[in-house]
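This report describes selected features of one protein model. The sequence and the structure are shown first.

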Amino acid sequence: MDTARITRYISDLWDAEIVPQLMDYIRIPNKSPMFDKDWAAHGHMDAAVKLMETWARTKLPSLPGARLEVVRLEGRTPLIYIEVPGQNDDTVVLYGHLDKQPEMTGWSEGLGPWTPVIKGDKLYGRGGADDGYAIFGSLAALLALQEQGIPHARCVIMIEACEESGSYDLPYYVDHLASRIGNPSLVVCLDSGCGNYDQLWLTTSLRGMTGGELTVQVLEEGVHSGDASGVVPSSFRILRDLLSRLEDPETGRIKPKELYAEIPQQRIDQAKISAGVLGNAVYTKFPFVEGMHPVTEDLTELVLNRTWRPQLAVTGVDGMPPLESAGNVLRPKTAVKLSLRVPPTLDGAKAGEFVKQLLENDPPYGAKVQFKLEKDGSGWNAPQLSPWLEKAVADASRQYFGAPAAYMGEGGSIPFMGMLGSKFPQAQFLITGVLGPQSNAHGPNEFIHIPTGKRVSMVVADVVARHFQQAATRSS
């Protein structure tokens, strides 16, 4: 394999075609179903699928025998399914998603969620890094191998449209396509993060997630605060009290032991190494306000906090008027949306039911309390890398990044990984991505670092080729 040729081919394809395609993709407001209940009627999801499908079909003639289908199960988001024949009976699955998080406020002047802007090496806009580039990067890797005549296993590319909503449609597609997917020995996922842009980062674990809407109601309608305060308990105060059952308000530590899991020693060791590699960048990558500092100065503890420990975020609020129209009224109710990250090895569904009981039982003052569960995805802890994959990753990182590979868990969730991990326990996993410092997925000013996108595509090509080589060596 001519690695210099791989580098040139993929870099040129990104510059000539992939970056322009990503710019067009960013313009489409194809929000995930959780954030756009009328997604089917609005047509944005179909527009994103069409964009990717159209480009991919122009590349299929260069991949002899390749087939593409947009699979549509009734009432569910679509899925792009591509099969590329290989030179043996093995299977590699390459995964990504095309749905997006909502707009979010706070974008810098000249930037916006649906406005693609290139500044230096960065392409700004919603979804480019999370994770619209996946189909383009996956096909670029296979096209680069084909251009040199390098053999590889049969490859299946799956791009879903429901990941940001918890991938609740995906199990139906995996079952529907099970006979066509086969039994993969390698799974490649490009929907994860990287600690920096200087080396390849492999994701070793993903936290699970549960959450939903917590509503506290005390009145049928709002009343004069001067008349009711001191008689009617504030719905906001009751809500604070309920949240204190779950989270220590002073430290942010989740209180119930039922929401923790034992951290494997290997993951603790890897957290120490990652903390040493990143230094203060573990926390300086976040846009702290002046004078703010992280929850602890212990860098290893910060890594473990965001990868293996439960943490709560309040991501939305209802029942409160904007400041400019907030009168002296004791409001009838307060509602918040909760996002609780749970350890990779904890059962997400059981965690959700536990939280529901914790918040709803014995409400203060007899208030009307409801916790409407919306998410219950379990996390994932990667199996140990096979020697061939560990070496392939190390070599590819040095070849295309010029630095050794690094390993770290991620705080986010990719439900597909847990699903495939349980269905295919013998498979090896290459989980990586381009979401590095300041890339700010889900928030304002999200960007994809274009050079990292290129290098990750090169790594995928290299590893897929080595996957075939090790299979051939094993069979001989």
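The text below takes up a pair of helices, a pocket, the cavities and two backbone features.

The model is predicted, not experimental.

**Helix pair**

Helix α1 covers residues 3–26 and helix α3 covers residues 44–59; their axes come within 10 Å and cross at roughly 160 degrees. Angles over 145 degrees count as roughly antiparallel, and α1 and α3 are therefore roughly antiparallel to each other. The crossing in which α1 passes α3 is right-handed.

On the α1 side, the contact is made by Leu13, Glu17, Ile18, Gln21, Asp24 and Tyr25, and these residues meet Ala48, Leu51, Met52, Trp55 and Lys59 of α3. By class, the residues of this contact are seven nonpolar, one polar and three charged.

**Second largest pocket**

The second largest pocket holds about 370 Å³ of space. Its lining consists of 21 residues, and those nearest the pocket centre are Thr204, Gln266, Gln270, Glu390 and Tyr407. Three elements give two or more residues to this lining: β8 (201–206), α9 (265–278) and β16 (406–410). Of the elements, α9 gives the most, with six residues. The lining of the second largest pocket divides into 12 nonpolar, seven polar and two charged residues.

**Cavities**

How many cavities of 30 Å³ or more does a search of the whole structure find? There are two.

The largest cavity has a volume of about 60 Å³. Its lining is made up of Thr204, Ser205, Arg267, Gln270, Ala271, Ser274, Val303, Thr307, Trp308, Tyr407, Met408 and Gly409. The elements that give two or more residues to the lining of the largest cavity are β8, α9, α11 (299–307) and β16. The largest share comes from α9, which gives four residues.

Thr204, Gln270 and Tyr407 are among the residues nearest the centre of the second largest pocket, and Thr204, Gln270 and Tyr407 are also among the residues that line the largest cavity. The elements β8, α9 and β16 each give two or more residues to the pocket lining, and β8, α9 and β16 each do so for the lining of the largest cavity as well.

The second largest cavity holds about 50 Å³ of space. Gly195, Leu278, Ala281, Val282, Lys285, Val303, Arg306 and Met408 line it. Here the elements that give two or more residues are α10 (281–284) and α11. Val303 and Met408 are among the lining residues of the second largest cavity, and Val303 and Met408 also appear in the lining of the largest cavity.

The table gives the lining of each space by residue class.

| Space | Nonpolar | Polar | Charged |
|---|---|---|---|
| Second largest pocket | 12 residues | seven residues | two residues |
| Largest cavity | five residues | six residues | one residue |
| Second largest cavity | five residues | one residue | two residues |

**Backbone features**

Is the peptide bond from Asp130 to Asp131 cis or trans? The bond is cis, with omega near 10 degrees. Asp131 lies in helix α4, which covers residues 128–148.

Met104 is not a glycine, yet its phi is positive, at about 65 degrees. Met104 is placed in the loop between β3 (91–97) and β4 (117–119).

Key:
Residues numbered from 1 in each chain as written. Predicted model: local features only at pLDDT ≥ 70, side-chain atom pairs only at ≥ 80, totals over all residues. Heavy atoms only, no water. Axes fitted to C-alpha atoms, helices over the stretch in contact; angles between N-to-C directions. Parallel < 35°, antiparallel > 145°, perpendicular 65-115°, else oblique. Left-handed = near helix turned anticlockwise from the far one by under 90°. Contact = heavy atoms within 4.5 Å. Nonpolar A, V, L, I, M, F, W, Y, C, P; charged D, E, K, R; others polar. 1 Å grid on protein atoms, 1.4 Å probe; cavity = no way out; pocket = protein on both sides within 12 Å on 5 of 7 lines; lining within 4 Å. Points joined across faces, edges and corners; volume = space filled by probe spheres on them.
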